[in-house]
Amino acid sequence: MPRLAVNVDHIATLREARKTNYPDPVAAAVIAELAGADAIVVHLREDRRHIKERDVRILRDTVQTRLILEMAATSEMLEFALEVLPDLVTLVPERREEVTTEGGLDVLAHRASVTNAIETLKSAGIPTCLFVDPDMAQIEASKAVGARYVELHTGSFCETTDTREKAKAFEALLMAARRGKEIGLGVNAGHGICYRSIQAFKGVHEIDEFSIGHSIVSHAALVGMENAVRRMAELIREL
């Protein structure tokens, strides 16, 4: 059965909108775990637009499941990861001007820096996942540089409203997930998945974990964090 990793970044986004000390992503993580989350995800971005170092440090001390740190493969972030020792690091591309992560990491173009980051993390016992587009060349390259997992970027599938393009994007996800499994990678998926789009993955057994944040936090604004996480966990169990 696939797992649910809950991203609490946008709890911090609400906090930073008014520069207050609430709502606290640490509190949201506790509730998410109690409601059935299998992991907690945070993205410490270069500009610290939502999650702060303080959040990650406290989460490392409080998360009872697994703490997944999303980050760019920079020397600053590597140093921080070696300090807090998350259970998994997911390397992602990052641009200051983007609203959210717009695409997968180009492992082929950044092979040297990605390989160095993976080796650095591995030396501290931290496994690495690469956030990539559902592209066969990127899957193969992820294996070649030593990643243990890939997280498939589901944005193209989740965001398009064109029926033909949606079907094409979903087929690409299926092919990438199958290839990842064939070559011995763990396969996760995330970006833009909501309560409706998650149901399309029924019967897809190649995906080990779904990383979901924005839709859960948005729904939590209406029904509460516990109910929002519990409902997503139920939908994933039904897959």
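Biologist: Before we get to His43, what does "buried" mean here?
Modeller: This is a predicted model, and each residue is judged by its relative accessible area. Over 50% is exposed, and partly exposed sits in between. For buried, the cut-off is under 20%.

Biologist: Fine, so is His43 buried or exposed?
Modeller: His43 is part of strand E2, residues 39–43. Its relative accessibility is 2%. Since the cut-off is under 20%, His43 counts as buried.

Biologist: Which residues does the "active site" annotation cover?
Modeller: That one comes from UniProt, in an unreviewed entry. The residues it covers span 149 residues in sequence, yet no two of their C-alpha atoms are more than 12.6 Å apart, so they gather at one spot. The names are His43, Glu70 and His191.

Biologist: Where is Glu70 found, and is it buried or exposed?
Modeller: Glu70 is found in strand E3, residues 67–71. Its relative accessibility comes to 10%. With buried set at under 20%, Glu70 counts as buried.

Biologist: Leaving aside its neighbours within four places in sequence, which residues is Glu70 in contact with?
Modeller: Here contact means heavy atoms within 4.5 Å. One of the partners, His43, also carries the UniProt "active site" annotation. Another, Asn7, is covered by the "binding site" annotation of the unreviewed UniProt entry. The list for Glu70 is Asn7, Val41, Val42, His43, Leu44, Thr90, Val92, Glu151 and Ser211.

Biologist: How far apart are the farthest two C-alpha atoms of the "binding site" residues?
Modeller: The unreviewed UniProt entry puts Asn7, Arg18, Gly192, Gly213 and His214 under that label. They span 208 residues in sequence, and they do not all gather at one spot, because the farthest two C-alpha atoms are apart by 24.9 Å.

Biologist: Take Gly213 and His214: which is buried and which is exposed?
Modeller: Gly213 lies in the loop between strand E8 (209–212) and helix H9 (214–223), while His214 is found in helix H9. The relative accessible area of Gly213 is 11%, and that of His214 is 53%. So Gly213 is buried and His214 is exposed.

Biologist: How many disulfides does a search of the whole structure find?
Modeller: Look at Cys158, which is buried at 16% relative accessible area, and Cys194, which counts as partly exposed at 29%. The closest cysteine sulfur to that of Cys158 is in Cys194, at 6.5 Å, which is too far for a bond. A disulfide needs the sulfur atoms within 2.5 Å. The search of the whole structure finds zero.

Terms used:
Residues numbered from 1 in each chain as written. Predicted model: local features only at pLDDT ≥ 70, side-chain atom pairs only at ≥ 80, totals over all residues. Heavy atoms only, no water. Buried < 20%, exposed > 50% of the residue type's maximum accessible area, 1.4 Å probe, protein only. UniProt positions renumbered as here; feature names shortened; annotations may be inferred. Helix = DSSP H or I, 4+ residues; strand = E, 2+ residues; numbered from the N terminus.
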